[in-house]
Amino acid sequence: MASDAKSTGSTKLDAVVQNVKAAEPQKLSGLALYSRFALAGAICCSVTHGALTPVDVVKTRIQLDPATYNRGMIGGFRQVVQNEGAGALLTGAGPTFAGYFLQGALKFGGYEFFKQQAINQLGYETASNNRTAVYLASSGMAEFFADIALCPLEATRIRLVSEPTFAKGLIDGMGKMIKTEGLGAMYAGFGPILFKQIPYTMAKFVVFEKVSEAAFKTLDKNSLSPSAQTGVNLGSGLMAGFAAALISQPADTMLSKINKTKGLPGEGTASRLIKIAKDLGIKGSFTGVGARLVMVGTLTAGQFAIYGEIKKALGATGGVEIAK
């Protein structure tokens, strides 16, 4: 069988070339590549969201009961610990880990997949020239599918945080909600979660890509140390997190409100959302924004840093970059 490699005319040199090629890491593609993107996304999202469960508990309490929790984030921590004990800060940790593991896999894996499909359809040059639109469309589509998996777990988490005695944990809480309120209760917040998560994710990925691109125009990416590259990911992620938090804050507040309690008999999700929006107003929609800026900025920075490191560890280097 003839070799695909062209001969140099020297047997020894041919052997050296073949050894070098054999030593090169294999470039992944297809399922092998995207499954690694998905795993990296699942780990980075579940770890960061899980670690910030205490912040999310306080943020949710501020949103749901601003009259009681009116002392800011630090004061909110003290109130929860004083009234319910330190263990209350981990309320909803199970749904958080499970929900964001699934969501992270579909969001990051989907983003890379849809970005590659856009490149395949448009061609590399066109995709690169219109990369902001590619980032927006890819992240928006990925988040839609991710939210289908996240919504039931997020509904359970919010119910557990708002009513600590409602259930003993994820399985018990989800079972009780389905039994007493029907399967529809799991998706009562699907509209708000889409309204919150899709703009959030679009802002998150676009700002990250743009800040990273600006940083690497000043810094030579190929000559940077691994720790310096991680630093760029952290800084870009922090800016992305701040932008995403501000854009999605009103929908986040509405999501907390609609999942706090079940609706009245015959009351539809749309009418509940309209009522909540009217009651909140603009100012009320941004209740808890300080805590959420801290939370989202920190976790987004952590996510992109962890995502980059896990991709390297898994050898997921086959993705196509379209930044100039």
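Is Phe113 buried, partly exposed or exposed? In this predicted model, Phe113 is partly exposed, with a relative accessible area of 35%. The close-up views below take up this residue, then other ring contacts, a cavity and several salt bridges.

**Figure 1. Phe113 and Phe114 form an edge-to-face aromatic pair.** A search of the whole structure finds 13 aromatic pairs. In the pair shown here, the ring centres of Phe113 and Phe114 lie 5.4 Å apart, with 70° between the planes. Because the partly exposed class runs from 20% to 50% relative accessible area, Phe113 falls within it at 35%. Phe114, at 18% relative accessibility, counts as buried. Both residues belong to one aromatic cluster, whose members are Tyr34, Phe37, Phe113, Phe114, Phe144, Phe145, Tyr187 and Phe190.

**Figure 2. Phe205 and Phe304 bring helices H9 and H12 into contact through their rings.** The planes of the two rings stand at 90° and their centres are 5.7 Å apart, so the pair of Phe205 and Phe304 is edge-to-face. Phe205 is part of helix H9 (residues 190-218), whereas Phe304 is part of helix H12 (residues 289-314). The pair therefore ties together parts that are 99 residues apart in sequence. Phe205 and Phe304 are both buried.

**Figure 3. Lysine side chains place their charged ends over phenylalanine rings.** The charged end of Lys176 sits over the ring of Phe166, at 5.9 Å from the ring centre. In a second case, the charged end of Lys221 sits over the ring of Phe216, at 5.1 Å from the ring centre.

**Figure 4. The largest cavity has a volume of about 130 Å³.** A search of the whole structure finds 2 cavities of 30 Å³ or more. The lining of the largest cavity consists of 16 residues, and His49, Tyr100, Lys196, Arg292 and Met295 are those nearest its centre. Two or more lining residues come from each of helix H3 (53-64), helix H5 (93-122), helix H7 (131-162), H9 and H12. H12 gives the largest share, 4 residues. By type, the lining of the largest cavity divides into 8 charged, 5 nonpolar and 3 polar residues.

**Figure 5. Arg157 and Asp56 form a buried salt bridge between helices H7 and H3.** Across the whole structure, the search finds 12 salt bridges. In the one shown, the closest N and O atoms of Arg157 and Asp56 are 3.0 Å apart. Arg157 lies in helix H7 and Asp56 in helix H3, so this pair ties together parts that are 101 residues apart in sequence. Arg157 and Asp56 are both buried. These two residues also belong to a network of salt bridges that links Asp56, Lys59, Glu154 and Arg157.

**Figure 6. Lys115 forms salt bridges with Glu112 and with Glu209.** The side chains of Glu112 and Lys115 meet at 3.8 Å, N to O. Both of these residues lie in helix H5, 3 residues apart, which is about one turn of the helix. Glu112 and Lys115 are buried. The salt bridge between Glu209 and Lys115 has an N to O distance of 3.7 Å. Glu209 lies in helix H9 and Lys115 in helix H5, so this second pair ties together parts that are 94 residues apart in sequence. Glu209, like Lys115, is buried.

Conventions. Residues are numbered from 1 along each chain as its sequence is written. This is a predicted model: local features need pLDDT of at least 70, side-chain atom pairs count only at pLDDT 80 or more; totals for chains, interfaces and linings use all residues. Side-chain values use heavy atoms; hydrogens and water are left out. Rings of Phe, Tyr and Trp (its six-membered ring) pair if their centres lie within 6.5 Å; planes under 30 degrees apart count as stacked, over 60 as edge-to-face and the rest as tilted. Buried means under 20% relative accessible area, exposed over 50%, partly exposed in between (1.4 Å probe, protein chains only). A charge sits over a ring if NZ of Lys or CZ of Arg is within 6 Å of the ring centre and within 35 degrees of the ring normal. On a 1 Å grid over the protein atoms alone, a cavity is a set of points where a 1.4 Å probe fits but cannot get out, and a pocket is an open set with protein on both sides within 12 Å along at least five of seven lines; lining residues have an atom within 4 Å of a point. Grid points are joined across faces, edges and corners, and a volume is the space filled by probe spheres set on the points. Ala, Val, Leu, Ile, Met, Phe, Trp, Tyr, Cys and Pro count as nonpolar, Asp, Glu, Lys and Arg as charged, and the others, Gly among them, as polar. A salt bridge is a side-chain nitrogen of Lys or Arg within 4 Å of a carboxyl oxygen of Asp or Glu.
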